[in-house]
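Look at the chain below from the outside in. The text starts with one helix, then turns to the whole chain and to a few single residues.

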Amino acid sequence: MFTSQSELEDRLTTPSPALIADLSRGSGDLVILGAGGKMGPTLTVLARRALDAAGRTGDAVHAVSRWSDAAQADHLRDQGVSVHTADLLADTEADLPDGADVLFMVGAKFGSASAPSWAWAVNAALPDRIARRYAGSRITAFSTGNVYPLVPVTSQGAAEGHPVGPVGEYAMSCLGRERVFSHGALTRGTPVSLIRLNYAVDLRYGVLADIGSTLLAGQPVDLTTGHVNVVWQGYANEVTLRAMAHATPEVFTLNLTGPEVLPVERVARRLAAGLGVEPTFVGEPSPTALLNDATRCFDLFGYPDVTAGQLIDWQADWLRAGLPTSGKPTKFAVRDGAF
């Protein structure tokens, strides 16, 4: 069990031998755009620690964000990261640092239903500017499993070759992001990796934190979206950094999630047992859900080192101990794409 945020962050940012080996074969600076988001800080520190362990102490990790949380920026500086403040929608691309590898983590999700033009500006228009600015770099861009349609819960989920079918402005604009980066690869030969992520778990936020917080509040868990994928954020961070080497002008696309299709009721009952509360439920599970098949990811990078069962138990311990949460829900149960 983790007893503090520092213990959690140390686990999330300790590189594996496989990551160190992969990064030892590269060279040049890494630019992380949108490094101040939920996953950005731990991924950034992991990258710095892995590069150091790989002998690449002279290659910088540049973290770019608006940095609404100044303490977060200071923490990254303390870890040896080069911190840059920029509003990527307003500032000129010339002000951005150069890098051999670029990781694009910028995204607009919550509020996209009420401000769709903003979502498209961030998720689809901005990538064109970034693709032009870094035409000579390798670009790895975060996407989302939301670009797929809901699929039967009896399936393993949508694999990379499944036809896309985004629902709602957020999902459509994220597909726009993919298409724009892919166009840059097609027209300028830029190597690109696209990472379709489904629900990373950090303990301070994620699907499990959402369900656990509902239980602790004495509220019923809605089972309408009755199945879900989750993945340990430490694994998601590692795979993202290792996937940079797979970028090609033909575009490398990867589903990134856990191997299990988890029944929400079963997750809630196990969390409730760990929290010492009695769960209640509303709704009936739908026959479809947002589910991704990450077989390709496991073939390339191995299985997550933390199982879903471990994550559930860790989450219960974290919440029972009253450790901090972000207050940023995933809204994983939304089925109409309105975030």
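**Helix 11 and the chain around it**

In this predicted model, helix 11 has these buried residues: A308, G309, L311, I312, W314, Q315, A316, D317, W318 and L319. That is ten of the 13 residues in the helix, so helix 11 is mostly covered, given that a residue counts as buried under 20% relative accessible area. The helix runs from residue 308 to residue 320. From its first C-alpha to its last it reaches 18 Å, close to the 18 Å expected at 1.5 Å a residue.

What covers these buried residues? Part of the cover comes from helices, including helix 1 (5–12), helix 7 (207–216) and helix 9 (264–275). Strands also take part, among them strand 8 (200–201), strand 11 (231–232) and strand 13 (262–263). Just after helix 11, G322 takes a positive phi of about 75 degrees.

Now step back to the protein chain as a whole. Its secondary structure comes to eleven helices and 15 strands. Along the principal axes, the C-alpha trace spans about 55 × 40 × 35 Å. How does the radius of gyration agree with that of a compact globule? A compact globule of 339 residues would have a radius of gyration near 20 Å, and the protein chain, with 19 Å, agrees with this.

Contacts and burial add to this picture. Of the 339 residues, 54% count as buried. Take the contacts between residues at least 6 apart in sequence: 82% of them join residues at least 24 apart. The accessible surface comes to about 13400 Å², and carbon and sulfur atoms account for 52% of it. As for charge, the protein chain has 27 positive and 35 negative side chains. The centres of these two sets lie 2 Å apart.

Two single residues show what burial looks like at close range. The first is A171, which has its place in helix 6 (residues 168–188). Is A171 buried or exposed? A171 counts as buried because its relative accessibility is 1%, and the cut-off for buried is under 20%. Leaving aside neighbours within four places in sequence, A171 is in contact with N146, V147 and P166. Y148 is 23 residues from A171 along the chain, and the C-alpha atoms of the two are separated by 8.4 Å.

The second is N292, in the loop between strand 15 (288–289) and helix 10 (295–301). N292 is buried too, with a relative accessible area of 1%. Which residues does N292 contact, leaving aside neighbours within four places in sequence? They are G145, Y148, Q156, G157, A158, R196, N198, N229, N255 and T257.

Finally, consider the backbone angle phi. Most residues other than glycine have a negative phi. V251 is not a glycine, yet it has a positive phi of about 70 degrees. V251 is found in the loop between helix 8 (233–243) and strand 12 (252–256). K331 is not a glycine either, and its phi is positive at about 55 degrees. K331 has its place in the segment after helix 11. With a relative accessible area of 38%, K331 is partly exposed, because this value falls between the 20% and 50% cut-offs.

Technical notes:
Residues are numbered from 1 along each chain as its sequence is written. This is a predicted model: local features need pLDDT of at least 70, side-chain atom pairs count only at pLDDT 80 or more; totals for chains, interfaces and linings use all residues. Side-chain values use heavy atoms; hydrogens and water are left out. Helices (H or I, at least four residues) and strands (E, at least two) are DSSP runs, numbered from the N terminus. The expected span of a helix is 1.5 Å times one less than its number of residues. Buried means under 20% relative accessible area, exposed over 50%, partly exposed in between (1.4 Å probe, protein chains only). Contact means heavy atoms within 4.5 Å. The radius of gyration is taken over C-alpha atoms; the globule rule is 2.2 Å times the number of residues to the power 0.38. Accessible areas come from the Shrake-Rupley method with a 1.4 Å probe; for residues, only the protein chains shown count as cover. Lys and Arg count as positive and Asp and Glu as negative; His and the chain ends are not counted. The place of a charge is taken as NZ of Lys, CZ of Arg, CG of Asp or CD of Glu.
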